[in-house]
Amino acid sequence: MSNQAATATGGDGITPSLAELIGLRGIAQARVTARRGAAGVAGPAPSTLRGRGMEYAESRAYAAGDDARHIDWRLTARSGKPHTKLFQAERERLTLLVADTSPALYFGTRVRFKSVQAARAGALAAWRAVRDGDRVAALRGSMSEPPVPPASGARGALRVLDALVRWYSTPPPDDAGLDVALDHARRLLRPGSRLLVLSDPASVAAVPEKRWPALAAHHEVLVLLLTDPLEMEPPRGLLAFSVASTIAAQVGAAASDSARRARIELDLGNNGERDRWRLAFDGGVEQTIATLAGRGVRALRLSTADESDAWLALPAAVARSA
């Protein structure tokens, strides 16, 4: 990577730095959110509340006309008199970042690694949450590391940024997969939350389709699919990879004498080999976007060569049709 490219990214493009992610605060907070109507649910922007979006406040003696669905059965049983629960609207929305940490993300040929682009996009989302008064949290697919707990303000954002730097500097050895991460997310989310998934397309494609509708029904869900220009438009000619390369495995390259030498060569000047490549990468991304759209989930590509805030510039209506 050239010095010019490194300067443009605010880092070396290979590992994210905390200073780099903090420096994105001004970009995120300069974005203007679409104006809501006076009632909070009309106008061009969607309401922040989905589902009931209510928190338990207290219980009191049941009165005629109270909703029977809100009876506090435990207190009723203890006291011998019917009581009903009272709720209040949640004042702070939750923005939850789900970070895919599969090995395929720690790769890049233009400007920065996909992992660094994921960290930068996550940082922008965290700073946007601070601007909007949300609490922010983050997690990854791990059976041992707990989520970064929800917190508001700069303190909450900095905790998330610190986690993104750790997770995307080197592949965690205990990555349990995106589906595990989404299962953990389900337990943390409240109705009306924002959910941002930072992922390699292959990780999203491996998630059972039934996972998405329940998330989309009660939350604002956006999936950013991290890609690299080499994956979408490879050069013509011979391209060499190590045996462990995710790319070589994904296009189904056969092991041979070159494999025993820890190298695989793909002849991308051959039209048949090139078509297989495009089907595995570009076609796979398009299929994933279409599948998620059918489940009510917005999905966008974010290339390593894109500006990290490119996804913030797209209105919701455009994003849904991407």
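User: How far apart, N to O, are the side chains of R187 and D183 in their salt bridge?
Analyst: This is a predicted model: local features need pLDDT of at least 70, side-chain atom pairs count only at pLDDT 80 or more, and totals for chains, interfaces and linings use all residues. Residues are numbered from 1 along each chain as its sequence is written, and side-chain values use heavy atoms, without hydrogens and water. A salt bridge is a side-chain nitrogen of Lys or Arg within 4 Å of a carboxyl oxygen of Asp or Glu. For R187 and D183, the distance is 2.8 Å.

User: What separates R187 and D183 in helix α7?
Analyst: Helices (H or I, at least four residues) and strands (E, at least two) are DSSP runs, numbered from the N terminus. An α-helix has 3.6 residues a turn, so residues three or four places apart point the same way. R187 and D183 sit four residues apart in α7, so the separation is about one helical turn.

User: Is D183 buried or exposed?
Analyst: Buried means under 20% relative accessible area, exposed over 50%, and partly exposed in between (1.4 Å probe, protein chains only). R187 has 59%, so R187 is exposed. D183 has 18%, so D183 is buried.

User: Which strand holds R194, the partner of E220?
Analyst: E220 and R194 form a salt bridge, with closest N and O atoms 3.9 Å apart. The pair ties together parts 26 residues apart in sequence, because E220 lies in β7 (residues 220-227) and R194 in strand β6.

User: How many residues apart are E231 and K114?
Analyst: Their salt bridge has closest N and O atoms 2.8 Å apart. The pair links distant parts of the chain, helix α10 (residues 229-232) and helix α5, with a separation of 117 residues.
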